[in-house]
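Dear colleague,

Please find below the structure that I am handing over to you, together with its sequence. My findings follow directly after it.

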Amino acid sequence: MTSRTPRDSRLRLVRAPYPRADRRGDAQRDPARPLSAAPGAVSHRRTRRPAPRPPEGTPPPSELARGARAGLADAVRIARWADAALRPGPGGAAPDGKGALSDATAERAAAELGLTPDQVRADWDTARLAGLIEVHGDSARPGWRLRAWNRDDTAVLRGWVALFDAWSLAHPAPADLPPAAVAEAVEAMPQLLSFLQLSAGPVPVPQLLDLLEQRVDELRTERCEIPYDQPDPAADEGAEAAPLPALLDWALRGLAAVGALTYAEGQATLTPLGSWAVWVKLEQICVAAQSPAGHIEQSAEDMLRGCARLRPNAARAEYRAWLAARPVGSAVTDLLTAARGEDALLRGLAFEALRVVGAPAEPDVRAAADEASLRPYALLWLAEQEGADPEDVHLVLSREESTWLWIDTAAAVADHGEAHLLVRHLESAVQPTVPALLDEVRRAGHPRTVQVLVALAAAHPDPALAKAVRRAAFQVHTGGE
């Protein structure tokens with residue numbers, strides 16, 4: 001696996017947002033199980049190309065967001081109920097550490113919202129997968145998307161896409177379907193969705209069944225050629241025994257449940273949201289982009305968001321102008337408050353702004369090092385202030401802290417970057433192999449772990465690696481091994 005100069009990696013991941021490779025570490029990569037097939041070096045200059053237009057007939061973003069709001073209304077309701085009704089802390093959570101609601105809390109919510117406890121739990125699960133709720137150990141808090149839900153169509157669409165990517169978690173497979181066969185069906189669905197999108201209309205289920213059979217055969221052939229995992233004859237036998245019609249029926253019902261398609265009368269049709277989401281995946285574009293402007297008068301959060309697409313020198317100039325317009329003490333407080341929010345992109349940007357502040361920020365940053373979500377950023381900042389060699393500054397982080405930072409940066413890429421940049425982000429992990437990375441990511445306890453892994457699996461072109469990442473996401477989501 002490729003080693004990194006962490007400061008350089010962090011800068012590139014936050015702004016580009018992908019780090020360039022450090023050639024010194026090339027010899028350390030495990031040739032048997034490389035983390036990514038992406039090139040090892042990335043140009044420092046952002047290439048600009050005209051934004052591709054969605055297919056003709058695609059509704060405007062405001063209309064798509066309206067549909068996403070309608071589809072996620074129940075999840076938003078339970079998230080807002082929890083925000084208003086539950087006190088901060090673990091009181092409303094089950095003691096399993098998975099972020100599930102306790103029985104008492106589910107019954108209370110059901111009584112107050114006029115639902116059944118099962119409906120409450122289903123809506124809660126959807127809210128977690130859509131990023132409306134973030135789970136921290138045995139407690140939960142509202143996600144940044146919930147805060148922006150009514151005013152930001154981009155946040156709504158990204159929340160829906162996160163649920164679309166995790167449809168197989170939102171609608172688990174029946175227990176009688178073999179896990180290996182279910183994994184194959186999930187892996188095959190992007191091709192079926194692409195076919196539905198190109199068809200631009202209803203497609204009979206028998207036609208989709210033929211396509212699923214062909215794709216499953218291809219996956220089994222490819223699996224023999226890509227040795228990321230040892231072959232499992234028992235799993236293969238289970239996959240062979242699984243009826244493809246039952247797998248297809250489950251997959252179509254799951255995608256219909258999240259609003260990606262309609263499934264009735266023996267045919268399936270993509271909804272406008274589903275068609276748009278498939279196009280987004282195919283084009284690997286960023287859904288949201290904010291144009292930078294003058295930010296001196298704006299809040300720390302708005303200033304940081306506006307600087308997200310600026311080049312490093314331009315961003316530093318903007319930070320200096322913003323800092324010059326207010327007392328240093330209050331500016332540092334505002335930047336750290338922005339860093340404590342749910343948006344991982346702002347955490348990295350806030351500490352870049354704090355680098356412009358320099359020594360006057362040290363007491364506050366040192367205190368912030370006691371907070372789990374800020375600790376990796378604060379330790380790197382302090383090491384740099386103390387004159388650590390840029391080549392060695394990453395040594396101040398423990399393995400667990402480095403993994404947390406990798407997940408947090410991946411969350412920023414997933415929320416604000418292009419899909420291929422998320423794939424390339426694999427190169428910045430400190431672990432030498434995919435299994436080692438996934439094992440440590442599962443143990444990290446980061447609240448965005450499931451969403452990051454699901455997004456990475458959806459974006460990665462290697463089917464075997466995507467399958468391993470998707471399995472890890474499922475294990476984190478269910479608390480399994």
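In this predicted model, the N-terminal end of helix H7 is capped by Asp152, which places a side-chain oxygen 2.9 Å from the backbone nitrogen of Thr154. Helix H7 itself comprises residues 153–165, and its length is as expected: at 1.5 Å a residue its 13 residues should span 18 Å, and the C-alpha atoms at its ends are indeed 18 Å apart. The helix is mostly covered, with 11 of its 13 residues buried. Among them are Arg158, Trp160, Phe164 and Asp165.

A cap is also present on helix H22 (residues 434–444). Here Thr433 provides the side-chain oxygen, which lies 3.2 Å from the backbone nitrogen of Ala436. The buried residues of H22 are Val434, Leu437, Leu438, Glu440 and Val441; their cover includes helix H20 (399–416), helix H23 (449–459) and helix H24 (463–478). After H22 comes Gly445, with a positive phi near 75 degrees.

Turning to the aromatic residues, the count comes to 3 aromatic pairs. One of these is formed by Trp167 and Trp250, whose rings are 5.0 Å apart centre to centre, with 45 degrees between the planes, a tilted arrangement. Trp167 belongs to helix H8 (residues 167–170) and Trp250 to helix H12 (residues 244–257), so that the pair links distant parts of the chain, 83 residues apart. Both Trp167 and Trp250 are buried.

Phe351 and Tyr377 form a further pair: their ring centres are 5.6 Å apart and their planes meet at 20 degrees. Because planes under 30 degrees apart count as stacked, this pair of Phe351 and Tyr377 is stacked. Phe351 lies in helix H17 (residues 344–357) and Tyr377 in helix H19 (residues 375–385); the pair therefore ties together parts that are 26 residues apart in sequence. Phe351 counts as buried at 1% relative accessibility, and Tyr377 is buried with a relative accessible area of 3%.

As regards internal space, there are 3 cavities of 30 Å³ or more. The second largest cavity holds about 60 Å³. Its lining consists of 12 residues, of which Glu134, Arg141, Arg347, His446 and Pro447 lie nearest its centre. Strand S1 (133–136) and H20 are the elements that give two or more residues to this lining.

A charged side chain also deserves mention. Arg305, in helix H14 (residues 300–307), has a relative accessible area of 16% and is therefore buried. The side chains of Arg305 and Asp343 are joined by a polar contact of 2.6 Å.

Finally, I draw your attention to two backbone angles. Ala200 is not a glycine, yet its phi is positive, at about 55 degrees. Ala200 lies in the loop between helix H9 (179–199) and strand S3 (203–204) and is exposed, with a relative accessible area of 71%. Glu265, likewise not a glycine, has a positive phi of about 55 degrees. Glu265 is found in the loop between strand S4 (261–264) and strand S5 (267–270), and at 78% relative accessibility Glu265 counts as exposed.

With kind regards

Key: Residues are numbered from 1 along each chain as its sequence is written. This is a predicted model: local features need pLDDT of at least 70, side-chain atom pairs count only at pLDDT 80 or more; totals for chains, interfaces and linings use all residues. Side-chain values use heavy atoms; hydrogens and water are left out. Helices (H or I, at least four residues) and strands (E, at least two) are DSSP runs, numbered from the N terminus. The expected span of a helix is 1.5 Å times one less than its number of residues. Buried means under 20% relative accessible area, exposed over 50%, partly exposed in between (1.4 Å probe, protein chains only). A polar contact is a pair of N or O atoms within 3.5 Å; within protein, one must be able to donate a hydrogen and the other to accept it, and residues adjacent in sequence count only if both atoms are side-chain atoms. Contact means heavy atoms within 4.5 Å. Rings of Phe, Tyr and Trp (its six-membered ring) pair if their centres lie within 6.5 Å; planes under 30 degrees apart count as stacked, over 60 as edge-to-face and the rest as tilted. On a 1 Å grid over the protein atoms alone, a cavity is a set of points where a 1.4 Å probe fits but cannot get out, and a pocket is an open set with protein on both sides within 12 Å along at least five of seven lines; lining residues have an atom within 4 Å of a point. Grid points are joined across faces, edges and corners, and a volume is the space filled by probe spheres set on the points.
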